[in-house]
Amino acid sequence: VLSDLGEDGQKHKGEELMSISRKALMAAGVVLVLGGPAQAQGVIAQKNVSLEMAKKIAEATLAECKRRGFNTAVVVVDRSGQMILGMRTDQATPQTLEMARRKAYTARMFRRTTLDWAKRTQDDPTLMPQRDLADVIALGGGVPLMAGNDAIGAVGSAGAGGQPEDDACAKAGVAAVAAELK
């Protein structure tokens with residue numbers, strides 16, 4: 001190409017480098033243009049708990065505990081363990097809301113009921129350190145919300161007569177939305 005040649009018709013090193021640089025820039029531009037659609041494939045969609053679903057779960061959980069004669073609290077967390085909704089009955093003690101939050105968080109993080117998780121980690125020295133993690137609590141009453149194999153959140157109940165009762169109330173909350181989780 002004539003533009004790559006000097007006045008004497010010879011290629012000079014500086015001009016040769018310039019030609020290589022132009023080619024490299026053009027190649028990078030092509031990669032960027034063609035790489036654009038590939039970046040769009042990096043966007044992912046995830047199932048999560050909506051506020052409406054959280055309300056249904058919480059109301060069903062509280063209703064089951066009330067039916068059993070307990071004044072309790074309930075918390076629903078999303079797939080990342082963040083609280084979506086917390087409710088407690090008028091007569092529930094102040095700490096029940098925090099206990100319910102921690103139960104829901106634990107159920108979500110370990111993808112199993114907290115009653116099962118507490119039993120599993122109780123005597124296994126390799127699992128006992130899990131109990132020392134922040135916000136984790138080894139008490140029954142937390143139930144994960146599973147959409148297939150995907151844990152999309154959890155519900156925690158606290159303040160019933162004992163851990164099996166809290167567990168039953170939380171399971172009633174999950175049962176209220178079972179059809180939506182499929």
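**Exercise 1: the core**

Find how many residues the largest nonpolar core has, and which of them have the most contacts inside it.

*Solution.* Step 1: count the members. The largest nonpolar core (buried Ala, Val, Leu, Ile, Met, Phe, Trp, Tyr and Cys residues joined through side-chain atoms within 4.5 Å) has 18 residues. Buried here means under 20% relative accessible area, exposed means over 50%, and partly exposed is in between, with a 1.4 Å probe and protein chains only. Before you trust any of this, note that the model is predicted: local features need pLDDT of at least 70 and side-chain atom pairs count only at pLDDT 80 or more, while totals for chains, interfaces and linings use all residues. Residues are numbered from 1 along each chain as its sequence is written, and side-chain values use heavy atoms, with hydrogens and water left out.

Step 2: pick out the hubs. Val 49, Ile 57, Val 76, Leu 145, Val 155 and Leu 181 have the most contacts inside this core.

Step 3: ask where the members come from. At least two residues each are supplied by H2, strand E1 (73–78), strand E3 (142–147), strand E4 (150–158) and H5. (Helices, H or I with at least four residues, and strands, E with at least two, are DSSP runs numbered from the N terminus.) The top contributor to this core is H2, with five residues.

Step 4: zoom in on one hub. Beyond its neighbours within four places in sequence, Ile 57 contacts (heavy atoms within 4.5 Å) Val 76, Leu 145, Val 155, Gly 173, Val 174 and Val 177.

Step 5: look for a second core. Another one, of seven residues, lies apart from the first and includes Val 75, Ala 107, Ala 154 and Ala 158.

**Exercise 2: two helices**

Describe how helix H2 (residues 51–67) and helix H5 (residues 163–175) cross, and which residues meet.

*Solution.* Step 1: get the geometry. The two axes come within 7 Å and cross at roughly 140°. Here axes are lines fitted to C-alpha atoms, for helices over the stretch in contact, and angles run from 0 to 180 degrees between N-to-C directions.

Step 2: name the arrangement. H2 and H5 are therefore oblique to each other. That label is what remains once angles under 35 degrees (roughly parallel), over 145 (roughly antiparallel) and 65 to 115 (roughly perpendicular) are taken out.

Step 3: list the contact. From H2 you have Ile 57, Ala 60, Thr 61, Glu 64 and Cys 65; they meet Ala 168, Cys 169, Ala 170, Ala 172, Gly 173 and Val 174 of H5. Sorted by class, that makes eight nonpolar, two polar and one charged residues. (Ala, Val, Leu, Ile, Met, Phe, Trp, Tyr, Cys and Pro count as nonpolar, Asp, Glu, Lys and Arg as charged, and the others, Gly among them, as polar.)

Step 4: check Glu 64. Its relative accessible area is 15%, so Glu 64 is buried. Not counting neighbours within four places in sequence, Glu 64 contacts Ala 168, Cys 169 and Ala 172.

**Exercise 3: Gly 142 and Thr 113**

Work out whether Gly 142 and Thr 113 are buried or exposed, and what each one touches.

*Solution.* Step 1: place them. Gly 142 sits in strand E3, and Thr 113 in the loop between H3 and H4.

Step 2: read the accessibility. Gly 142 is at 0% and Thr 113 at 10%, so both are buried.

Step 3: list partners, skipping residues up to four places away. Gly 142 touches Lys 103, Ala 107, Arg 112, Thr 113, Thr 114, Val 155, Gly 156 and Asp 167. Thr 113 contacts Gly 142, Val 143, Pro 144, Asp 167 and Lys 171.

Step 4: compare sequence with space. Gly 142 and Ser 157 are 15 residues apart in sequence, yet 6.4 Å apart C-alpha to C-alpha. Thr 113 and Gly 140 are 27 residues apart, with 7.2 Å between their C-alpha atoms.

**Exercise 4: loop residues**

Say where Arg 111, Asp 135 and Gln 91 lie and how accessible each one is.

*Solution.* Step 1: Arg 111 is in the loop between H3 and helix H4 (114–122). At 41% relative accessibility, Arg 111 is partly exposed. Though not a glycine, Arg 111 has a positive phi of about 55°.

Step 2: Asp 135 is in the loop between H4 and E3. Asp 135, at 32%, is also partly exposed, and this non-glycine has a positive phi of about 70°.

Step 3: Gln 91 is in the loop between strand E2 (83–88) and helix H3 (95–110). With a relative accessible area of 54%, Gln 91 is exposed.
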